[in-house]
Amino acid sequence: MRTILITGQGGTGRTTVAAATALQAAREGTRTLVLTADRTDTLGAVLGVPTGPAPVEAAPGLTAWRPDAAARFRDDLTAFQRRATTALDLLGASRLEAEEVTPLPGAEELALLRALRDAALSETYGLLVVDLPPAPQALALLALPEELRRYLRRLLPPERQAARALRPVLGRLAGVPMPAEWLYETAGRWDVELAAVQGVVEDRATTVRLVAEPGPAGADAVRTAATALALRGLPVDGLVANRVLPGATDDTWLGALAAQQRKALEEWRETYEVHEVPHRGHDPRGAEDLAALPVPGVNTAPTPVEWPVTDRLAEDGVLVWHIPLPGAIRDELDLIRRGDELVVTVGQFHRIVPLPSALRRCTVAGAALREGELRVRFTPDPGLWPREK
């Protein structure tokens, strides 16, 4: 199964491109699901078929789904209150009824992740097309499963659950009650669910397709998104330059705008596989309009992002970890070694990644950013590195 995550510059027709991509794949014989987290039915307006909490057949071979974040949030909160009854009673808390609960910010994105997981596990579809929010929100969303799992492991380490028989004794010695069994069970269940979502996002068959309008704002958005996606190890399978104006026009104002777009397109082609989608003069609506858009097809063999370690011990006495960060700026880059992890920060984005096993026995000797690649040098620690006999 292939998954294509579609994001990019805000207000550039991402949903239209997602719908057109899904429709094209369905017409080519691939059973396809298109997902969105949009609270308003933008996807339904583009497809010409209303979408909602239940998946609907939008065209032969194409299913559209817009999960209900409010319903899932109410169910989760109700279930949490049932499991935390004892703790809530001790606090004198008053229960919230389902009908008075409204979803918090971010509930739509969480509902989308769960829907993505459920669709992948169902093995019903050959292709999942996900209409993500604009790039900044989408990048935070894609990082969420990994980061939440990290928080859970730090706050409720799984290995401590094995000492459940000792908790009453430890509680008396410490003078405070130890975490209840339900808390560990809840954390374990969340970890399983998050791992399933993370597995779909990080699968080698998952790629990201960027959508932007050619121009200065689009160029900035694409550069930032590409750097952040590389930091998360997510491959970009193409850049859709949407709403491209015709090159020749008698209108002076439109001619200047078209020239600006052409300049941006030329720069993009030096780095990305660019697919131009011309401006139709109106917002596409319905299957006929979507079929007329020349969106790129689905590559069945995406190229994964690799972070290789090269052995230069014989030449320079170091191991080099190569981390691709296209578009990164040196002044916005920061590195911190923390135990067996490396904290990489690029502008507003950061990620904590475990070191490969060989590098855990080394010390950081330096780093350099060259040609869109961060190269971190490691020197073997004599006290930890295996000695030659």
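## Strands, turns and internal cavities in a predicted model

T310 lies in strand β9, which covers residues 309-312. The structure described here is a predicted model, and T310 is a convenient point of entry to it. At 30% relative accessibility, T310 counts as partly exposed, because that value falls between the limits of 20% for buried and 50% for exposed. Leaving aside residues up to four places away in sequence, T310 touches V318, L319, V320 and H322. T310 can also be placed relative to R377: the two residues are 67 positions apart in sequence, while their C-alpha atoms are 9.7 Å apart in space.

A second threonine offers another case. T15 is found in helix α1, residues 14-27, and with a relative accessible area of 10% T15 is buried. Its contacts, again not counting residues up to four places away in sequence, are with T42, L43, V46 and D131.

### The chain as a whole

The protein chain contains 13 helices and 15 strands, and of its 389 residues 42% count as buried. Among contacts with a separation of 6 or more, 67% are accounted for by residues 24 or more positions apart. The accessible surface of the chain comes to about 20300 Å², with 54% of that area belonging to carbon and sulfur atoms.

### Two hairpins

Strand β3 (residues 56-59) and strand β4 (residues 62-65) run antiparallel and are joined by three bridges, with A59 standing opposite L62 in β4. Two residues lie between the strands of this hairpin, and G61 takes a positive phi near 80°.

The hairpin of β12 and β13 likewise has two residues between its strands, and G347 in the turn has a positive phi of about 60°. Strand β12 (residues 341-346) pairs with β13 in the antiparallel sense over six bridges, and V343 stands opposite I352 in β13.

How do the side chains point along strand β13? They alternate over residues 349-354: F349, R351 and V353 point to one face and are buried, whereas H350, I352 and P354 point to the other face and are not buried. In a regular strand the side chains alternate between the two faces of the sheet.

### Positive phi outside glycine

Most residues other than glycine have a negative phi. R243 is not a glycine, yet its phi is positive, at about 60°. Its place is in strand β7, residues 236-244, and at 25% relative accessibility R243 counts as partly exposed.

E371 also has a positive phi, near 50°, in a residue other than glycine. E371 lies in the loop between β14 (362-370) and β15 (373-380), and with a relative accessible area of 79% E371 is exposed.

### Enclosed cavities

How many cavities of 30 Å³ or more does the count give? The count comes to two, and the table sets out their volumes, the class make-up of their linings and the element that supplies the largest share of each.

| Cavity | Volume | Lining by class | Largest share of lining |
|---|---|---|---|
| Largest cavity | about 60 Å³ | four nonpolar, one polar, four charged | α6, three residues |
| Second largest cavity | about 30 Å³ | eight nonpolar, no polar, no charged | α5, three residues |

The largest cavity is lined by L142, P145, E146, Q198, V201, E202, R232, L234 and R351. The elements that give two or more residues to this lining are α6 (135-155) and α9 (181-201). R351, one of the lining residues, is also one of the buried residues on one face of strand β13, so the description of that strand and the description of this cavity meet at one side chain.

Which residues line the second largest cavity? They are L5, L112, L113, L116, V130, L132, L141 and L142. Helices α5 (107-122) and α6 each supply at least two residues of this lining. L142 belongs to the lining of the largest cavity and to that of the second largest cavity.

Why does the lining of the second largest cavity count as wholly nonpolar? Its residues are leucines and valines, and both of these residue types count as nonpolar by the classification used, so no polar or charged residue enters the tally.

Note on methods. Residues numbered from 1 in each chain as written. Predicted model: local features only at pLDDT ≥ 70, side-chain atom pairs only at ≥ 80, totals over all residues. Heavy atoms only, no water. Buried < 20%, exposed > 50% of the residue type's maximum accessible area, 1.4 Å probe, protein only. Pairing = 2+ DSSP bridges. 1 Å grid on protein atoms, 1.4 Å probe; cavity = no way out; pocket = protein on both sides within 12 Å on 5 of 7 lines; lining within 4 Å. Points joined across faces, edges and corners; volume = space filled by probe spheres on them. Contact = heavy atoms within 4.5 Å. Areas by Shrake-Rupley, 256 points an atom, 1.4 Å probe, with all protein chains shown as cover.
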